[in-house]
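This report introduces the protein and its ligand to someone meeting them for the first time. Please look over the structure shown here before reading on.

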Amino acid sequence: MNNRVLLVDDEDDILISLKRNLVKHFQIETANSGIEAIRLLNTSPQFACIVSDFNMPKMNGIEFFAEAKKIIPNTLRIMLTGHADLNVAMEAINQDFIYKFLVKPTFPDILIKHLKDAVEYYRLQTMEKEMIDMKVNFISIVANEFKTPVNSLLTAAYLLPEFFKINDQKKVDNFMSKMQITLEGMNKLLEKILTIGKLDANINLKFFDLDIVSIINELIKEFKSADSIGHDFLFDHLQTQLYISTDLVVIKLIISNLISNAIKYSPKNSIIKVKLTNEIDQIILSVEDCGIGIPENQIVHLFDAFYRCQNVGFQKGTGLGLTIVNKGVELLKGQIKVNSIIGKGSTFTVILNKDQRIYKFNQ
Ligand code: ATP
Ligand code: MG
């Protein structure tokens with residue numbers, strides 16, 4: 001969390017004493033004039049809050065805040081002045097330059113409280129902005145992902161009547177099956193986007209005591225019957241039953257996306273090992289494959305929406321499976337880790353609390 005605070009005052013004694021009182025709670029930087037502070041803001045602008053005196057030579061507090069606002073508009077500004085002039089306060093407030101106006105001398109405890117509020121306000125404001133940016137970015141990526149299939153459907157829709165006219169049944173069949181594949185792909189993409197939307201909205205989690213061993217067994221059974229390539233599954237677990245308090249929909253999304261990737265990115269007949277370890281308060285679940293592996297420099301992007309590694313070859317995918325896994329793990333307040341060696345295989349490990357009810361979301 002950014003708790004960096006800049007103190008600006010032309011009197012060194014005041015700066016020293018303020019810093020002494022605040023340094024245990026915040027990361028403090030000081031400047032003894034508006035000009036020096038501006039210089040600092042231009043080189044290192046990440047401050048949650050600025051506290052400035054009003055009466056300073058060359059550039060007063062309001063003039064300084066007007067400049068500071070241009071450089072870092074989201075940083076909160078507090079005026080701390082011995083000259084409690086009503087006109088000064090009014091001017092600063094009316095020009096929207098300050099968050100709070102405090103009169104010297106201010107007790108350290110009071111200043112600390114105001115600064116803590118300011119840091120929290122800054123954190124929420126920044127988080128909100130990041131979320132809006134992420135949503136805008138997501139929408140534009142989604143639109144782009146749909147562009148190619150929609151264009152190919154449009155082309156097919158224009159061409160098909162021509163092939164009907166000339167009675168070219170082979171071309172008609174060819175285009176029809178291409179359209180079918182394209183529509184199936186769009187449908188999958190849509191389903192995943194809807195799942196992400198639900199997870200983002202903190203779907204009403206329903207916690208029940210569920211046997212994780214039988215959930216995994218069921219999923220492996222489903223995958224085995226659908227896996228035409230034929231992998232060997234090894235489910236390594238000591239307990240015959242292991243109850244955890246979890247949400248069935250979310251836990252299934254996590255495990256099934258990890259197994260689906262293990263199948264997709266590993267060769268025919270290779271082994272996929274699902275391991276369940278029982279700890280005192282936690283379970284550790286890992287899915288290991290002997291597949292293509294993940295390039296080390298791409299691991300940081302794995303959970304980004306639509307991200308696919310460069311070594312996927314012809315293997316199809318939307319790049320949303322791990323985004324869903326990551327959001328699911330976050331909802332259950334767990335952790336996820338990835339280990340991978342290129343060409344040798346990958347292991348995804350999920351750590352979950354046995355009682356996730358303690359961490360219920362919005363209920
Ligand atoms: P889908 O949305 O259909 O699951 P996807 O599998 O491409 O598509 P993710 O599951 O999000 O998308 O995975 C993102 C990328 O991470 C994959 O495209 C692949 O490059 C890489 N990846 C994920 N799991 C593995 C794995 N077990 N082995 C190798 N690479 C993997
Ligand atoms: Mg996947």
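The domain bounds used in this report come from an automatic or database domain assignment. The model itself is predicted, and the protein in it is divided into three parts, listed in the table.

| Domain | Residues |
|---|---|
| domain 1 | 4-127 |
| domain 2 | 145-200 |
| domain 3 | 207-361 |

Between the C-alpha centres of domain 1 and domain 2 there is a distance of 58 Å, while the C-alpha trace of the protein spans about 85 × 65 × 40 Å along its principal axes.

The secondary structure of the protein consists of nine helices and 12 strands. The protein is more spread out than a compact globule, because its radius of gyration of 29 Å is well over the 21 Å that the globule rule gives for 363 residues. Of these 363 residues, 25% are buried, and among the contacts between residues at least 6 apart in sequence, 67% join residues at least 24 apart.

Which residues are closest to ligand 1? The ligand is surrounded by 24 residues, and the closest of them are N261, Y265, C309, G317 and G321. Two elements, α8 (248-264) and α9 (321-331), give two or more residues to this shell, and α8 supplies the largest share of the shell, with four residues. Sorted by class, the shell around ligand 1 holds 10 nonpolar and 10 polar residues, together with four charged ones.

Notes:
Residues are numbered from 1 along each chain as its sequence is written. Chains are lettered from A and ligands numbered from 1 in the order in which they are written. This is a predicted model: local features need pLDDT of at least 70, side-chain atom pairs count only at pLDDT 80 or more; totals for chains, interfaces and linings use all residues. A residue is near a molecule or strand if its C-beta atom, placed from the backbone, lies within 6 Å of it. Ala, Val, Leu, Ile, Met, Phe, Trp, Tyr, Cys and Pro count as nonpolar, Asp, Glu, Lys and Arg as charged, and the others, Gly among them, as polar. The radius of gyration is taken over C-alpha atoms; the globule rule is 2.2 Å times the number of residues to the power 0.38. A residue is buried if 20 or more other C-beta atoms lie within 10 Å of its own, exposed if 12 or fewer, and partly exposed in between; C-beta atoms are placed from the backbone. Two residues are in contact if their C-beta atoms, placed from the backbone, lie within 7 Å.
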